[in-house]
Structures are given as C-alpha cells and as structure tokens.
Amino acid sequence: GFRHYTVADCEFNSSKLNDIEYTQSYYYNKLEYVRFSSSGGKYVGYTEYGIKNAERWNNGPEVIARRGEKERYCFHNVGIDVEADLTKS
C-alpha cells in the first residue's frame with residue numbers, strides 16, 4: 001500500500017521565543033511533496049503535485065490558519081519541553 005503522513009516540528013535555535021521556527025511537512029511514500037514554514041509564512045511545493053497544492057493553499061484560508069500554529073503549537077510546548085529537559089539534566 002501507499003503511505004501518506006504529516007510531520008509538524010518546532011525548531012529552537014536559541015532561548016528567545018521569536019527564534020522558534022514551525023514547519024509542517026507532507027509526505028507520500030517517504031517523499032516530501034509540500035512544506036509550510038513559519039519563517040517564510042507560506043507553503044512550498046517540491047513535486048508537481050506539491051507545487052499545485054502549495055499554490056492553491058497559499059491563496060486560500062489554509063495559509064492563514066497555519067500561520068497561527070507557531071503560537072498555538074510551539075509556544076505552548078516550549079515551556080513543557082524546557083522544563084522536562086532541565087529535570088533530566
């Protein structure tokens with residue numbers, strides 16, 4: 001069968017909250033075909049199918065909803081992750 005999955009990630013480059021980058025990548029059969037990055041604020045396609053979806057999503061409400069994920073997902077979890085890391089060290 002074929003496998004479709006999505007990976008959301010927060011990258012912490014420093015202790016400042018503004019330096020966090022949120023990315024969401026879409027994969028099909030281990031091939032990334034489209035990605036959203038909070039630093040660019042839009043979707044980028046890597047395959048023909050991904051490029052078509054990125055263009056459609058960048059012109060629709062999907063991109064507006066995704067821009068808020070950095071605050072909702074990353075900022076919420078940064079305190080939890082930092083506290084867990086400090087207690088382990």
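Reader: Is Glu11 buried, partly exposed or exposed?
Author: The model is a predicted one, and in it Glu11 lies in strand 1. Its relative accessible area is 35%. Buried means under 20% and exposed means over 50%. The value of 35% falls in between, so Glu11 is partly exposed.

Reader: Which residues are in contact with Glu11, leaving aside its neighbours within four places in sequence?
Author: Glu11 belongs to strand 1, and strand 2 covers residues 20–28. With the neighbours within four places in sequence set aside, the residues in contact with Glu11 are Asp19, Ile20 and Glu21.

Reader: What distance separates the C-alpha atoms of Glu11 and Thr23?
Author: Glu11 has its place in strand 1, and Thr23 has its place in strand 2. The two residues are 12 residues apart along the chain, and their C-alpha atoms are separated by 8.2 Å.

Reader: Is Thr23 buried or exposed?
Author: Leaving aside neighbours within four places in sequence, Thr23 is in contact with Val7, Ala8, Asp9, Phe36 and Ser37. The relative accessible area of Thr23 is 10%. The limit for a buried residue is under 20%, so Thr23 is buried.

Reader: In what order do the elements of the chain run from the N terminus on?
Author: The chain holds three helices and four strands. From the N terminus on, the order of these elements is β-β-β-β-α-α-α.

Reader: Which strands stand at the edges of the sheet?
Author: The four strands make an open sheet in the order 1-2-3-4, with antiparallel pairing. An edge strand has a single partner strand, so one of its sides is left without a neighbour in the sheet. From one strand to the next, the twist averages 20 degrees. The strands at the edges are strand 1 (4–12) and strand 4 (42–45).

Reader: Which residue in strand 3 is the bridge partner of Tyr26?
Author: Strand 2 (residues 20–28) pairs with strand 3 (residues 31–37) in the antiparallel sense, over six bridges. Within strand 3, the bridge partner of Tyr26 is Val34.

Reader: Which residue in the turn between strand 3 and strand 4 has a positive phi?
Author: Strand 3 and strand 4 run antiparallel and are joined by four bridges. Phe36 stands opposite Tyr43 of strand 4. The two strands form a hairpin with four residues between them, and the residue in the turn with a positive phi, about 75 degrees, is Gly41.

Reader: Which residues of strand 4 point to one face and are buried?
Author: In a regular strand, side chains alternate between the two faces of the sheet. Strand 4 shows this alternation: Lys42 and Val44 point to one face and are not buried, while those that point to the other face and are buried are Tyr43 and Gly45.

Reader: What angle does the direction of helix 1 make with that of strand 4?
Author: Helix 1 (residues 48–58) packs on the sheet and touches strand 2, strand 3 and strand 4. The direction of helix 1 and that of strand 4 make an angle of about 165 degrees.

Reader: Why do the buried residues of helix 1 lie on the same side of the helix?
Author: The buried residues of helix 1 are Gly50, Asn53, Ala54 and Trp57. What covers them includes strand 2, strand 3, strand 4 and helix 2 (61–67). On the other side of helix 1, Glu48, Lys52 and Arg56 are exposed. The buried residues are on the same side because they cover an arc of only 105 degrees around the axis.

Reader: Which residues link into a cluster through ring pairs?
Author: A search of the whole structure finds eight aromatic pairs. Trp57 of the cluster is also among the buried residues of helix 1, and Tyr43 is buried in strand 4. The residues linked into the cluster are Tyr22, Tyr26, Tyr33, Phe36, Tyr43, Tyr49, Trp57 and Tyr73.

Reader: What is the handedness of the disulfide of Cys10 and Cys74?
Author: One disulfide is found in the whole structure, and the sulfur atoms of Cys10 and Cys74 are 2.0 Å apart in it. The pair links distant parts of the chain, with Cys10 in strand 1 and Cys74 in helix 3 (residues 69–88), 64 residues apart. Both Cys10 and Cys74 are buried. The torsion about the S-S bond is about -90 degrees, so the disulfide is left-handed.

Key. Residues are numbered from 1 along each chain as its sequence is written. This is a predicted model: local features need pLDDT of at least 70, side-chain atom pairs count only at pLDDT 80 or more; totals for chains, interfaces and linings use all residues. Side-chain values use heavy atoms; hydrogens and water are left out. Two strands pair if DSSP finds at least two bridges between them. Axes are lines fitted to C-alpha atoms, for helices over the stretch in contact, and angles run from 0 to 180 degrees between N-to-C directions. Contact means heavy atoms within 4.5 Å. Buried means under 20% relative accessible area, exposed over 50%, partly exposed in between (1.4 Å probe, protein chains only). The arc is that of the directions from the helix axis to the C-beta atoms. A disulfide is a pair of cysteine sulfur atoms within 2.5 Å. Rings of Phe, Tyr and Trp (its six-membered ring) pair if their centres lie within 6.5 Å; planes under 30 degrees apart count as stacked, over 60 as edge-to-face and the rest as tilted.
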